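Okay, everyone, thanks for squeezing in. Let me put the sequence and the fold up on the screen, and then we'll walk through charges and cavities.

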Amino acid sequence: MKKIFFFATLLLASTYVNSQISMEGVVRDSSNNPLELATLIAINQKSGSVVSYVITDAKGGYKIAITQSDTLIIKLSYLGMKPIEEILFTKEVDIKKDYILRPDNTLDEFELVYEMPVSIQGDTLTYDAESFNKGTERKLEDVLENLPGIEINDEGKVEVDGKVVNKLMINGKDFFDGDTKLATKNVPSKAVDKIQVLRNYSEVGQLSGVKNNQDNIALNIKLKKGKESFWFGTVSAGGGFSPDEVLYLAQPKLFYYSPKYSLNFIGDLNNIGEISLTRRDIRNLSGGFRAPSNSSGTDINLGDNNLNFLTNQNNALEIENRLATGNFSYSPNKSLDLSGFLIYNSSQIISKEISLIQYTNPDLNIPDEASEQFSLEKSNQAIMKLSASYQPSLNMQLDYDVLGRVSDDTQTQNTFSSVIGNTDQIDVVTPFSINQNLNYYFTINENNILAFESQHLIKNEDPLYNVNLANDSNSFFDITAIALGIDTSESNYNLSQNRRIKSNQLDAKLDYYHILNTKSNINFTLGTILSSQEFNSNLFQSLINGSSFNPALTFNNGRNTNDTEYNFRDIYLGFHYRFRKGKFTVTPGFSVHAYGNKNIQFGTTYEDNSLRILPDFKTRIQFKKSEALTIKYNMRNQFTDVTRLAEGLVMNNYNNYQFGESNLQNALSNNVSLYYSSINLFNYTNVFARASYSSNVDQIRGVTNFENVIQTNTFFNSNFPDENLNFFGRVQRTLGKLKAEFNASFNYSKINQIIQAQQSLNEGYTQTYIPGIRTNYKKAPNIRLRYSYSITNNNQGRRETTFITNAPSISFDAYIKKQITLRSKYTYTNQSLGNGDSQSFQTWDASISYRKDKDAKWEYEVKATNLLNIDSKIGNSSNNLSVFTSETFILPRFVTFRFVYNL
């Protein structure tokens, strides 16, 4: 593998140095002042293709790589200046050439700037998609990956300047409330004309000048002419064969956009493992909702009692997926915008995993546990959102949103444990929630603005867990059975627990902004969070005769049920002062909170009231237009959910039980972060780095006890400080037809806990380094090389573990005779356990497709996944209690034939 990487790198380097010369100089105005952000583009006169382009730096300088012995058209433009266009004959020597631009207030030069590959206008960066396309693009994500400064991360989300994009629009209209993954995986590339990066984006224009929006980035996808007021999209269908079943695929993706309304429909029906949205993506889809109290310093956790499926949908043995989504927007007049979406997803997954758990401290005498697990997972999810935005004038805006979600999830497991024996488990949950959002913004006059934001959430969760274990005298569960007080005369232990958690929360605030002058303003905030939760649970045993038996615990004061009510209140007043001084934008502030907590259970009331001042600070240093450093500090108060307060027993699993602590207090954290970005379109270099540190006081941690592998947990406020340090950096550089990048990340965490009545300190270190290089040819094939090297070290009590992962990969794509598209990706993963042992696996996917030309209606594709037909993937991980090694079985080799019709 190393030899392959060496020769591939050598090939990439040779393709770059061949037939390349440089052209450089300075662009000035008629007064000899350098012009920053002027655009220069070199076009091959014969083919009309873009050879190179550049945007001048702060000193007006430019430098591009061009082809030698060629005839080029040089176009130079700057907003407000008369453009220059000339013919340039290149030889085999570098060229030095300065330019002078003269004033011209006509509109022609604006149009010319807009047609450049990259243009900058204020906070908007515009890419011309066709200037970067290579011919192999099929989806929006393929287009975005060609653009400098834009990345698709491992989770499928779009990043710009190293920040995750908050919103994605098409022709200025929200696409499924800005969900980037749904857009990048489904919008066809041939419909895309321009990609606009909107920095400092604010959804409320009235607040754009008084709030810090530097972290907000949005994308607007502009469609090609002819795609407006007309249906476009693709309809794909296909099938194939595998060793065990017939394969099928149907994916209609239809879009309609006009000035007044838009309609989108995305469908997906397949059993080959191609997933537009995973169950986790749908669960995390916020619908654009953001809690008004995000910046208040208070974190209240309502918990998540939905079903946490065991299987990652990319690592299933069998999978069937059905997805139907619809999105609309309608503007009946200039003042009113209506929009909404509906998503329905149904999936069925079969998985198999073989694992080994080794517990951290050998002094605890906890036996290692080997297990083999089969799982059947069924999920039905539905989300619907409706939104209305009314803006009769620039001084007033009223927004209302309602988001409802419901799901029906079931997980059936059969596990054989070397310690417990055979178990059958069933998890069922049918939760629902309704989230409403009401916002009102009013500009009193040019110096005074009011903003009211409120959000109301109702959530109902009803998890049911059932386990059936054999009553085997050799099983370690017998001791637990006695402690639980269940009937031990039964041949099987059939245990169940019903739980219901009802949550009701109001989060609202009123902001008053007063603009002192053009460089400063003050902000007063009055807000509240009112939260109420009810938690009920019941543990029971089903007997062979059909009756139920309520066990009498021999521990935890015999409490095997819960009937807990928890109320939380936060009323706060905040003040912030924002001012600009030279390169600095500084925002110091603080908030004063009056907290009230009360939980009632087992006839006793526990109540706590407190007052807390939480300071925060933010400063942004704008070194240049494209280079900045942001520093943040805040103190946050963290409150837990009802399940950690409830004193009755909760059965998380047959070998994992918990009971809460009613007197838990809040945790306090101090958080510092830095973010640096530098975007240089002069030498095509982008640098991003972010670092964060947090220190937690009175953090809620676990008290864990083991009886063999049976685990019981409760909670306490730790007097030992926990810490977390994170760093991420990315450097990108484009050199002619080569694009190189280097990513590095580091994480350090320190967690204190109590295990078997002993303090246990867990320290974890993770380092990851990912260099990569790829070509960017329009006609020749393109290769991408990537190497991921990761070290994970955990110091857990008496045991220290180290995992080292090496994962080189190579991707290849070619557009042959403007008809055939060939793609292939190979990855080799090797994991070392730090003791000389190592495990490895390989993945290889490929596809070939044919279309008559780029405007053809029909395209035919053969796609193969898991070409090497490997059975499983190896994984190693660790947590604060154990080290985990697993073998996960995956889909076999699939070969499918597909038809794609382009509307």
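So, how many salt bridges does a search of the whole structure find? The count comes to 25 salt bridges. Just keep in mind that what you're looking at is a predicted model.

Let me pick out one of those pairs. Lysine 863 makes a salt bridge with glutamate 274, and their closest N and O atoms sit 3.2 Å apart. What I like here is that the two partners come from distant parts of the chain, 589 residues apart. Lysine 863 belongs to strand E50, while glutamate 274 is in the loop between strand E20 (261-270) and helix H6 (279-284). As a quick reminder, side chains of opposite charge can pair when their charged atoms come close.

Now for the outside. There's a positive surface patch, and the residues that form it are Lys46, Lys779, Lys818 and Lys854. If you want to find lysine 854 on the screen, go to the loop that runs between strand E49 (838-851) and strand E50 (858-865).

Okay, cavities. We get 4 of them at 30 Å³ or more, and the largest holds about 60 Å³ of space. Which residues line that largest cavity? The lining is Glu151, Lys739, Glu741, Gly772, Ile773, Arg774 and Arg784. Strand E44 (738-755) and strand E45 (758-775) each put at least two residues into that lining, and E45 gives the most, with 3 residues.

That's my tour, so over to you.

Notes
Residues numbered from 1 in each chain as written. Predicted model: local features only at pLDDT ≥ 70, side-chain atom pairs only at ≥ 80, totals over all residues. Heavy atoms only, no water. Patch = residues over 30% accessible without salt bridge, like charges linked within 9 Å, V, L, I, M, F, W, Y side chains within 5 Å. Areas by Shrake-Rupley, 256 points an atom, 1.4 Å probe, with all protein chains shown as cover. Salt bridge = Lys/Arg side-chain N within 4 Å of Asp/Glu carboxyl O. Lys, Arg positive; Asp, Glu negative; His and termini not counted. Charge placed at Lys NZ, Arg CZ, Asp CG, Glu CD. Helix = DSSP H or I, 4+ residues; strand = E, 2+ residues; numbered from the N terminus. 1 Å grid on protein atoms, 1.4 Å probe; cavity = no way out; pocket = protein on both sides within 12 Å on 5 of 7 lines; lining within 4 Å. Points joined across faces, edges and corners; volume = space filled by probe spheres on them.
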